[in-house]
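Here are some notes for you to read with the structure open beside you. Please take the points in order and find each residue as it is named.

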Amino acid sequence: MAVGYLVTVVLALLIVVFCLVRIRGPQPLFYFSYRLGLVFNEIPHVALYALVASTALAFSEGDIATTADRVNVGLAAVATGGLVVVTRRGIRAAAVVRGALDDALGAGTGTRRRPPLARILLRPVFRRRRDVKRVSNLGYGDGGRRNLLDVYHHRSRPQGGPVMIHFHGGHYDQGRKDTQSLPLLYRLAARGWVCISANYRLRPDFPHPAHLIDAKKVIAWAREHAAEYGAAPEAALFVAGSSAGGHMAAQAALTPDEPAYQPGFEEADTSVTAAVVLNGFLAEYFDGDPATSPVNLVRADAPPFLVAHGDLDELVDTENPRALVTALRSVSASPVVYVELPGAHHAFDLFHSFRFEALIDGIEDFAAWVTAPGKSA
């Protein structure tokens with residue numbers, strides 16, 4: 001029996017199961033499934049490449065000689081079919097995103113675009129672009145390395161672009177600024193945006209509201225300095241976040257200019273033009289304070305929101321973001337776009353995948369609607 005080939009096939013089958021099913025079992029199983037799904041649910045074609053190459057190698061070396069080996073080939077075929085299903089679910093995201101935009105903002109808002117196939121299929125993990133420059137580790141507060149941010153801008157520094165601020169996830173006790181939503185930040189920066197990704201202070205040393213105060217400091221920093229990198233003097237400013245960062249972004253968007261969260265910089269403008277929440281946890285903070293739940297912060301003058309969540313998210317059930325969407329739509333005068341991504345797990349924003357590229361297209365369409373004359377600005 002070709003043992004190496006068997007191992008490859010079994011691993012491919014596990015990947016398929018972990019991608020297609022939301023696993024919530026014992027901690028070791030959950031951790032293993034979560035890590036595999038984190039990668040291969042977004043870029044299943046990478047696993048498919050390895051499986052096809054391993055199968056071809058097994059045949060070329062004459063390793064398929066016994067009944068057991070032929071069974072392995074059959075299992076490989078099953079795994080291949082499963083990976084194709086996972087890929088097709090990612091491709092479906094484009095239609096889902098367009099439909100959500102059209103429902104919330106009007107027919108024709110979501111535009112049909114050709115996915116960047118070469119980048120998705122050949123370079124899904126490489127986020128950098130030659131036309132974008134990253135300026136690293138600029139200080140925005142007195143919290144040391146946890147109060148540093150990176151700025152992404154087009155190398156030609158075109159003037160007059162909007163601003164996007166992104167906050168990373170990590171359960172509020174881990175994570176860093178140069179890991180999540182980088183395909184989004186690089187894409188927007190290549191379009192002339194000024195994009196900012198920021199660290200913030202972490203628990204347990206710094207519980208709420210330290211994180212929100214840091215978010216406000218980043219917004220204030222952007223208001224003061226983004227023009228130096230090409231933003232318009234009165235630029236539209238979008239705040240975004242992933243997971244815990246989505247919680248931060250939602251809180252920041254719903255508490256503009258709140259003095260309690262701006263100690264020492266109470267006069268700074270911390271309002272935002274719109275918010276983008278990706279796989280966000282949107283309930284109460286760990287201390288159980290109802291005031292920390294974005295659902296309890298909704299207001300009539302809330303900015304437009306785009307909330308995107310996976311229907312197979314292992315960490316945050318869809319009822320969580322749906323509750324915020326429902327609350328906002330019942331109170332806010334601004335539109336709320338809710339995109340429930342079929343087959344998406346938590347942290348779907350790490351790679352150039354069919355799913356995330358389609359969502360980035362949708363975020364661009366959302367931003368174009370928000371900043372169009374006569375809309376929110």
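1. In this predicted model, the largest share of the lining of the largest pocket comes from helix H2 (27–40), which supplies six residues. Helix H8 is also a contributor, since H2 and H8 each supply at least two residues of that lining. The space in the largest pocket comes to about 780 Å³, and of the 27 residues that line the largest pocket, the closest to its centre are Tyr34, Gly170, His171, Ser243 and Leu315. Sorted by class, the residues of this lining divide into 13 nonpolar, eleven polar and three charged.

2. The second largest pocket has a volume of about 240 Å³, and 18 residues line it, of which Ile91, Ala94, Arg98, Arg113 and Ala358 are the closest to its centre. Two elements, H4 and H10, give two or more residues to the lining of the second largest pocket, and the largest share, seven residues, comes from H4. The classes here are eight nonpolar, two polar and eight charged residues.

3. Turning to enclosed spaces, the structure holds two cavities of 30 Å³ or more. The largest cavity, with a volume of about 50 Å³, is lined by Asn41, Glu42, Pro44, Val86, Thr87, Gly90, Ser353, Phe354 and Arg355. Helix H4 (67–105) and helix H10 (354–371) are the elements that give two or more residues to the lining of the largest cavity, and H4 gives the most, with three residues. By class, this lining has three nonpolar, four polar and two charged residues.

4. The second largest cavity has a volume of about 30 Å³, and the residues that line it are Phe18, Val21, Arg22, Ile23, Ser33, Tyr34, Glu314 and His345. Four of these lining residues are nonpolar, two are polar and two are charged. Which side chain does the side chain of Glu314 contact? The side chain of Glu314 makes a polar contact with the side chain of His345, at 2.6 Å. Glu314 lies in the loop between strand S7 (305–310) and helix H9 (319–331), and because its relative accessibility is 7%, Glu314 counts as buried.

5. Strand S3 (residues 163–167) deserves a careful look: five of its five residues are buried, so the strand is largely enclosed by the rest of the structure. In a regular strand the side chains alternate between the two faces of the sheet. For S3, both faces are covered, with Val163, Ile165 and Phe167 buried on one side and Met164 and His166 buried on the other.

6. What are the partners of S3, and how do they run? Five bridges join S3 to strand S4 (residues 194–198), and these two strands run parallel; within this pairing, His166 stands opposite Ser197 in S4. Five bridges also join S3 to strand S5 (residues 237–242), again in parallel, and here Phe167 stands opposite Gly241 in S5. Together, S3, helix H6 (residues 182–190) and S4 make a right-handed β-α-β unit.

7. A last point concerns Ala252, which lies in helix H8 (residues 244–254). Is Ala252 buried or exposed? Because its relative accessibility is 0%, Ala252 counts as buried. Ala252 and Glu284 are 32 residues apart along the chain, and their C-alpha atoms are separated by 14 Å.

Note on methods: Residues numbered from 1 in each chain as written. Predicted model: local features only at pLDDT ≥ 70, side-chain atom pairs only at ≥ 80, totals over all residues. Heavy atoms only, no water. Buried < 20%, exposed > 50% of the residue type's maximum accessible area, 1.4 Å probe, protein only. Helix = DSSP H or I, 4+ residues; strand = E, 2+ residues; numbered from the N terminus. Pairing = 2+ DSSP bridges. Right-handed = clockwise from strand over helix to strand, strands pointing away. 1 Å grid on protein atoms, 1.4 Å probe; cavity = no way out; pocket = protein on both sides within 12 Å on 5 of 7 lines; lining within 4 Å. Points joined across faces, edges and corners; volume = space filled by probe spheres on them. Nonpolar A, V, L, I, M, F, W, Y, C, P; charged D, E, K, R; others polar. Polar contact = N/O pair within 3.5 Å; in protein donor to acceptor, adjacent residues only side chain to side chain.
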